[in-house]
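Q: I would like to learn how to read the features of a protein model, one at a time. Could we work through a case together?

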Amino acid sequence: MNFDCKSLKTKKFVADMHTHTDSSPDCSCDIDDLCKAQINKGTSVFAITDHFNMDAKDSGEDIDAPIVSSFKKATEAAEKYKDKIEILRGIEVGEGIWYKDVAEKMIGRFDFDVVIGSVHTVITEEIKGPYSMFDFSTLSSEELERFVVKYFDDLLNTANQCDYDILAHLNCPERYVNGKYKIGYDFMKHEEIIREILKTVIRRDKALELNTSNNSFCKGFFMPDAKILSIYHDLGGSLLTIGSDAHFAENACIAFDQAEEILHSLGFSTLCCFRKRKAFLYNF
Ligand SMILES: [Zn+2]
Ligand SMILES: [Zn+2]
């Protein structure tokens with residue numbers, strides 16, 4: 001494991017390992033605006049990780065072209081802002097287990113610094129697209145149960161089988177089920193499979209993400225939450241990244257101070273960033 005010497009400098013080292021630009025279908029943020037916002041916030045390094053979603057491939061979208069464009073723009077931005085900030089080139093692969101060959105081909109096509117693995121779409125009888133778009137108030141408790149079980153199964157398979165460096169937003173459905181629709185579902189009744197997912201991340205030497213993304217129904221809602229992070233710590237998990245998942249420039253590094261406070265209280269003292277797909281630790 002490499003220790004990042006830059007973190008030894010007096011200025012606090014801050015790495016935002018998950019952001020989006022207008023090369024993602026759900027984001028209209030101009031890359032220059034994002035870079036300037038990160039520079040203004042004093043970020044040391046950040047990764048541009050636009051979406052590469054397998055469910056979009058199924059609906060006939062060209063999912064390659066936006067990544068080609070994202071990589072090119074990130075490379076140009078890295079050069080343009082190199083005196084002010086370090087910009088990493090990444091990708092967020094959604095539903096990598098659906099088409100592992102397609103995901104691996106794209107990952108191998110460019111010299112990415114970091115690959116994020118995510119599950120945004122879980123197909124059940126009732127849900128046919130991204131769960132972020134689904135109205136969970138229409139589900140019976142059995143249907144919701146089936147969805148959550150399937151989500152964690154898909155995430156465990158992703159953790160086990162896919163090529164990634166960071167496993168993203170572990171309990172993401174919770175922000176819709178409980179955050180947006182206020183259903184009060186107890187996700188921790190699936191603690192057993194959550195533990196399996198965390199153990200898999202540790203066994204494969206991957207990093208777990210603490211995602212601080214922000215919108216009207218999930219302010220201060222971290223993914224995963226302190227309970228899951230403390231299990232990760234108890235299981236011996238040490239590789240952790242922090243990501244704003246910003247889809248708007250103003251959300252760059254959002255709530256990092258609060259997130260770091262939680263991590264300190266749980267006994268974590270290092271975070272990591274990735275360069276050329278290698279983890280670099282830094283104190284925070
Ligand atoms: Zn995501
Ligand atoms: Zn994202």
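Q: In which loop does aspartate 245 lie?

A: Please keep in mind throughout that this is a predicted model. Aspartate 245 is found in the loop that runs between strand 8 and helix 9 (256–265), and its backbone deserves a look, since the residue has a positive phi of about 55 degrees although it is not a glycine.

Q: Which peptide bond is cis, and what is its omega?

A: The cis bond is the one joining methionine 223 and proline 224, where omega is about -5 degrees. As for its setting, proline 224 has its place in the loop between strand 7 and helix 8 (226–234).

Q: How should I read the packing of helix 5 and helix 7, and what are the angle and the distance between their axes?

A: In general, two packed helices are described by the angle between their axes and the distance between the axes. Here helix 5 (residues 141–161) packs with helix 7 (residues 191–203) at an angle of about 15 degrees, and their axes are 9 Å apart. Angles under 35 degrees count as roughly parallel, and helix 5 and helix 7 are therefore roughly parallel to each other. Their crossing is left-handed.

Q: Which residues of helix 5 and helix 7 meet?

A: From helix 5 come Phe152, Leu155, Leu156, Ala159 and Asn160, which meet Ile193, Ile194, Glu196, Ile197, Thr200 and Val201 in helix 7. Sorted by class, this contact has 8 nonpolar, 2 polar and 1 charged residues.

Q: What is the order of the strands in the open sheet, and is the pairing parallel or antiparallel?

A: The general idea is that strands of a sheet pair through backbone hydrogen bonds, either parallel or antiparallel. In this model the open sheet of 7 strands follows the order 2-3-4-5-6-7-8 with parallel pairing, and its edge strands, strand 2 (15–19) and strand 8 (240–243), each pair on one side only. Within the sheet, strand 6 (residues 166–167) is joined to strand 7 (residues 207–211) by 2 bridges, and leucine 167 has leucine 208 as its bridge partner in strand 7.

Q: How many bridges pair strand 9 with strand 10?

A: Strand 9 (residues 270–275) and strand 10 (residues 278–283) pair in the antiparallel sense over 6 bridges, with phenylalanine 274 standing opposite alanine 279 in strand 10. Their hairpin has 2 residues between the strands, and there lysine 276 takes a positive phi near 50 degrees.

Q: What is the radius of gyration of the protein, and with what value does it agree?

A: The protein has a radius of gyration of 18 Å, which agrees with the value near 19 Å that a compact globule of 284 residues would have. Its C-alpha trace spans about 55 × 45 × 35 Å along the principal axes, and the protein has 9 helices and 10 strands.

Definitions and conventions. Residues are numbered from 1 along each chain as its sequence is written. Chains are lettered from A and ligands numbered from 1 in the order in which they are written. This is a predicted model: local features need pLDDT of at least 70, side-chain atom pairs count only at pLDDT 80 or more; totals for chains, interfaces and linings use all residues. Axes are lines fitted to C-alpha atoms, for helices over the stretch in contact, and angles run from 0 to 180 degrees between N-to-C directions. Helices (H or I, at least four residues) and strands (E, at least two) are DSSP runs, numbered from the N terminus. Angles under 35 degrees count as roughly parallel, over 145 as roughly antiparallel, 65 to 115 as roughly perpendicular and the rest as oblique. A crossing is left-handed if the near helix is turned anticlockwise from the far one by less than a right angle, and right-handed if clockwise. Two residues are in contact if their C-beta atoms, placed from the backbone, lie within 7 Å. Ala, Val, Leu, Ile, Met, Phe, Trp, Tyr, Cys and Pro count as nonpolar, Asp, Glu, Lys and Arg as charged, and the others, Gly among them, as polar. Two strands pair if DSSP finds at least two bridges between them. The radius of gyration is taken over C-alpha atoms; the globule rule is 2.2 Å times the number of residues to the power 0.38.
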